[in-house]
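Please open the structure in a viewer and keep the selection panel at hand. The tour proceeds by selections, each followed by an account of what is found there.

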Amino acid sequence: MNLKELYQEIILDHGKNPRNLKKSDNFNKDAKGHNPLCGDKVHIYLKVDEKNKISDIAFEGSGCAISMASASIMTDLMKEKNENEVKELVEDFLEMIKQNPELKSKILGENEKTKLMSLSGVKKYPMRVKCATMAWHTLTAAMKNSNEKANSKN
Amino acid sequence: MNIDNIKKQFPIFNNKVQNNDLVYLDSANSSQKPQVVVDRIYDFYTKEFSNVGRSVHYLAVAATNLYENTRVLVQKYINAHDPNEIVFTKGATEAINLVANTFGQKFLKEGDEILLTELEHHSNYVPWHYLRRSKGVKIKFAEFNADGEVTLESIEKNITPKTKMIAITHLSNVTGAILPIKEITKLAHSKNIPVLVDGCQGAPHLKLNMQDIGCDFYAISCHKMYGPTGLGILYAKKKWLEVLPPYQGGGGMIREVKKEGITFGDLPNKYEAGTMATAQVIAFGESIKFLNKIGIDNIEKHESELTRYGEEILRKNNSVKLIGNPKNKGSVLSFTLDGVHAHDIATILDEDGVAIRAGHHCCQILHDKLGLSATARASLGVYNTKDDIDKLNESLNKCKKIFGG
């Protein structure tokens, strides 16, 4: 049944108890994502070190189980990844959520892959794909911007 | 009123949706279409099509008569004084834009105030926002109370000597509150302020009498009234249509066009530039006849019984929290479900063929005030039954089960 594929245990768990859901104090990059159609919001905070590696990642936001779980799983997986790895993982995830049956990247371990694949049920719900991808697009934006302006405003 | 018989007039319910009978609870968004409306569009295009108001050949004359017949049907339906007070637009959104644009151009200056309410749909805020930018007018919002109502007092409190227009919804598409538009109009007129009513949710469900309400402008969305998409109606008092400038320029709205100048046509052509949504206007005549046949009094009674039943059922469900509790309420049931986001509710319900809306319903101001990013909304139409409400409730229990509530 499609619904069971969509709302797998792991999604429900991350949706209810999102990991890394906090405002990071010590961030040097961030970006906000917003889906104006449904009102879902996410704000990603990154601490990127001098070697372009994510040493800390957190997020704030509100939204459906899919968007919260996606941000939660993503932030878990991105810790200690460098810029190129982040890029590869984001692309791989976006391809998987839209069309590819599997993740192709070799960066993740089997357990991590299984966790991320739990979001693949979204494929059958075109209206919900954006819920799953919002955090990932926002992460890409955060990596690109050092957002000093956003910092000084906060 | 025999509801089974009415439902049978809507062909959409003959089809299965994902192997389920359709439980359509999204009529505030758009209503389904009765067979007579669908047939009218088909017949017009296959047997009677021509453009209106221009050529003198047989089909053109016949089409023009059909088009103008709808104007008269609408005039009578809403008890306007004159058929020329009915302007066809591409939607209620365009109707409100027409008023904001032309009224703003002619009568507003920097510092003038437009009074809206916190309940407004974006389509009755964004058009006025343009005037904030172009003219420097101020926009004020009359507050809604804990029950999700905007009272006459709340309007009165926000009127100042600078208030130049009051633009309010007839029926909130989120809380269901029916505003006291007649009383608000009376108060506004005592201070020489015109009133625009966004009637998108009012027109499909409530008896309308423009001469009794007395408002200056009333915007209608035809696709929410069992009619075609791409069509709206602006009711405007003749005195306004005569003094306001045209909205869009083009064919059909002019009297004389010379190199050195242009004069504009009479009402209502002045506001109907270009080829209009002819087939839709003609088919909308059938929507009005359909409503007349059932009788708006019967519709009001049926829908209000159903709304009360819905409130009762949803209140019994401990995890459901209804949004708003207005004394005078239309057929809208907005709610949240403990521990389940509105979008997840909508997806799970959809699997059972239950179609609802989830999100901010184009009312971000309202949702921000309630501290909610999204709500779920079941909205009713003439074809709904108690059975539909029961199915809604069953599917909500399924949501709870999936989410472990």
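How far apart do the C-alpha centres of domain 1 of chain B and domain 2 of chain B lie? The model is a predicted one, and in it the two centres are 28 Å apart.

**Chain B: the two domains**

To see both parts, colour residues 3-30 together with 295-402 of chain B as domain 1, and residues 38-292 as domain 2, following the domain assignment. Domain 1 of chain B is thus given by two segments, 3-30 and 295-402.

Next, select the residues through which the domains touch: 26 residues of domain 1 of chain B are in contact with 24 residues of domain 2 of chain B. On the domain 1 side, four elements each contribute two or more residues: helix H11 (296-316), strand E14 (332-337), helix H13 (364-370) and strand E17 (375-379) of chain B. Begin with H11(B), which gives the most to this side, namely 5 residues. Colouring the domain 1 side by residue class shows 11 nonpolar, 9 polar and 6 charged residues.

**Chain B as a whole**

Now display all of chain B as a cartoon; its secondary structure amounts to 14 helices and 17 strands. Along the principal axes, the C-alpha atoms of chain B occupy a box of roughly 75 × 55 × 35 Å. The radius of gyration of chain B is 22 Å, which agrees with the value near 22 Å that a compact globule of 405 residues would have. Colour the chain by burial: 48% of the 405 residues in chain B are buried. Among contacts in chain B with a separation of 6 or more, 73% join residues 24 or more positions apart.

**Chain A: a sheet and a helix**

Move to chain A and select strands E1, E2 and E3, which form an open sheet in the order E1-E2-E3 with antiparallel pairing. Strand E1 (29-35) and strand E3 (54-62) of chain A are the edge strands, each pairing on one side only. On average, neighbouring strands of this sheet are turned by 15 degrees against each other, direction ignored.

Zoom in on strand E2 (residues 40-48) of chain A, which pairs with E3(A) in the antiparallel sense over 8 bridges. Which residue in E3(A) does Tyr45(A) stand opposite? Selecting Tyr45(A) and its partner shows Ala58(A) in that position.

Finally, add helix H6 (residues 129-144) of chain A to the view. Helix H6 of chain A lies across E1, E2 and E3 of chain A, and runs at about 150 degrees to E1(A).

Conventions: Residues are numbered from 1 along each chain as its sequence is written. Chains are lettered from A and ligands numbered from 1 in the order in which they are written. This is a predicted model: local features need pLDDT of at least 70, side-chain atom pairs count only at pLDDT 80 or more; totals for chains, interfaces and linings use all residues. Two strands pair if DSSP finds at least two bridges between them. Axes are lines fitted to C-alpha atoms, for helices over the stretch in contact, and angles run from 0 to 180 degrees between N-to-C directions. Two residues are in contact if their C-beta atoms, placed from the backbone, lie within 7 Å. The radius of gyration is taken over C-alpha atoms; the globule rule is 2.2 Å times the number of residues to the power 0.38. A residue is buried if 20 or more other C-beta atoms lie within 10 Å of its own, exposed if 12 or fewer, and partly exposed in between; C-beta atoms are placed from the backbone. Domain bounds come from an automatic or database domain assignment. Ala, Val, Leu, Ile, Met, Phe, Trp, Tyr, Cys and Pro count as nonpolar, Asp, Glu, Lys and Arg as charged, and the others, Gly among them, as polar.
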